[in-house]
Amino acid sequence: MLIEFHLPVSWALLQSVFHAPDVQTELPRIVMRWLHIVGGITWIGLLYFFNLINVPLQKGLDADTKKKVNPELLGRTLWWFRWGAVITVLFGLGYYVMYILKPGVGNAQILGHVDLSGKTIALVWIVIPIVTFLIEFLIIKKVPALTKDGRVFAVVAFILFAAMTVVILKWLSGSLTVNGVNYASNSTLSIGVGGAMGLIMLLNVWGIIWPNNKRIIAGLTGGPAAAPELARQAFIASRTNAWMSLPMLLFMATSPRGDWVIFGGK
């Protein structure tokens, strides 16, 4: 009897504190955001591990030790690293398009009395960082003179990514400006830039860092020796990601309304 009496009371108290999310509207949004954050913690955490711990450690290891340690160490960490990147970007892009960009397009259509193509706006936005990555990829792979000195490449990368930022801001603001009114919110612009940086970081992982390290690991486990420039290319791409993660995280953190309005959106 005691249990029968207390269970309804306890359940009533629980209901007053805990509110289940709406399955149709709230739950998908929560799950996407949660997976984006968990993936990001895994990915960026390992990115900092590689740059702050592993790179200095590798300099002090002899060749025999690297053959014993690196295949297991790098094999495991790179698996979580690259798939964490996929989860982060996949759900981040989906969240941005569905819950930030789409409402902005809807507001512009309703209040501006025009017909806009949200799919075209999103597609062009995604293409811009892909083209930027291709330029960066060609520089890293084909122009060793610019990657020999990290400081020189840093200047080149800064100019390249700054240009990308300007293009994205102009595209999003211009696309969502109707009759002189800009309907692009601060979240639309901030995450538009930060998300583009995240996409480049993902492409760096799968286009340079992982392929190069896979060949390096194969060379340590009895396969053909990797070309010496592969390690340098992977290092440059990884260090680029580490530095780019700082403004990327800043843009993500300041995107909600009420925080710092970086790009002048609403």
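# Briefing on a predicted helical and stranded chain

Asp 149 has a relative accessible area of 27%, and because this value falls between the 20% limit for buried and the 50% limit for exposed residues, Asp 149 counts as partly exposed. The model that contains this residue is predicted, and the points below move from the whole chain to two helices, a loop residue and the salt bridges. The secondary structure of the chain comes to 8 helices and 2 strands, and in sequence order these elements follow the pattern α-α-α-α-α-α-β-β-α-α.

**The chain as a whole**

- Taken along the principal axes, the box filled by the C-alpha atoms of the chain is roughly 70 × 65 × 30 Å.
- The chain has 266 residues, of which 39% count as buried.
- The area that the chain exposes is about 15,200 Å², and 71% of this area is supplied by carbon and sulfur atoms.
- Among the contacts in the chain with a separation of 6 or more, 80% are accounted for by residues that lie 24 or more positions apart.

**Helix H2**

- Helix H2 covers residues 26-59, and because each of its 34 residues is taken to add 1.5 Å, the helix should span 50 Å, which agrees with the 49 Å that separates its end C-alpha atoms.
- Along its course H2 bends by about 35°, and the residue at which this bend is placed is Phe 50.
- Phe 50 is also one of the buried residues of H2, a group that includes Met 32, Gly 39, Gly 40, Trp 43 and Ile 44, together with Leu 46, Leu 47, Asn 51, Asn 54 and Gln 58.
- The cover over these buried residues of H2 includes three helices, namely H3 (63-112), H7 (186-220) and H8 (228-253).

**Helix H8**

- Helix H8, which is among the helices that cover the buried residues of H2, has 26 residues and reaches 39 Å from its first C-alpha to its last, close to the 38 Å expected at 1.5 Å a residue.
- H8 bends by about 30° at Ser 245, and within four residues of that position there follows a proline, Pro 247.

**The loop residue Asp 115**

- Asp 115 is found in the loop that lies between H3 and helix H4, the latter covering residues 118-142.
- Asp 115 counts as exposed because its relative accessibility is 72%, a value over the 50% limit.
- The side chain of Asp 115 is joined to the side chain of Gln 109 by a polar contact of 3.4 Å.
- Between Asp 115 and Gly 45, which are 70 residues apart along the chain, the C-alpha atoms are separated by 42 Å.

**Salt bridges**

- The structure holds 2 salt bridges.
- One of them is formed by Arg 76 and Glu 72, whose closest N and O atoms are 2.4 Å apart.
- Arg 76 and Glu 72 both belong to helix H3, and because they are 4 residues apart there, about one helical turn separates them.
- Arg 76 is exposed, with a relative accessible area of 56%, whereas Glu 72 is partly exposed, with a relative accessible area of 45%.
- Arg 151 forms a salt bridge with Asp 149, and here the closest N and O atoms are 3.1 Å apart.
- Arg 151 is exposed at a relative accessible area of 66%, while its partner Asp 149, with which this briefing began, is partly exposed at 27%.

Definitions and conventions: Residues are numbered from 1 along each chain as its sequence is written. Side-chain values use heavy atoms; hydrogens and water are left out. The expected span of a helix is 1.5 Å times one less than its number of residues. The bend at a residue is the angle between axes fitted to the seven residues ending there and the seven starting there. Buried means under 20% relative accessible area, exposed over 50%, partly exposed in between (1.4 Å probe, protein chains only). Contact means heavy atoms within 4.5 Å. A polar contact is a pair of N or O atoms within 3.5 Å; within protein, one must be able to donate a hydrogen and the other to accept it, and residues adjacent in sequence count only if both atoms are side-chain atoms. A salt bridge is a side-chain nitrogen of Lys or Arg within 4 Å of a carboxyl oxygen of Asp or Glu. Accessible areas come from the Shrake-Rupley method with a 1.4 Å probe; for residues, only the protein chains shown count as cover.
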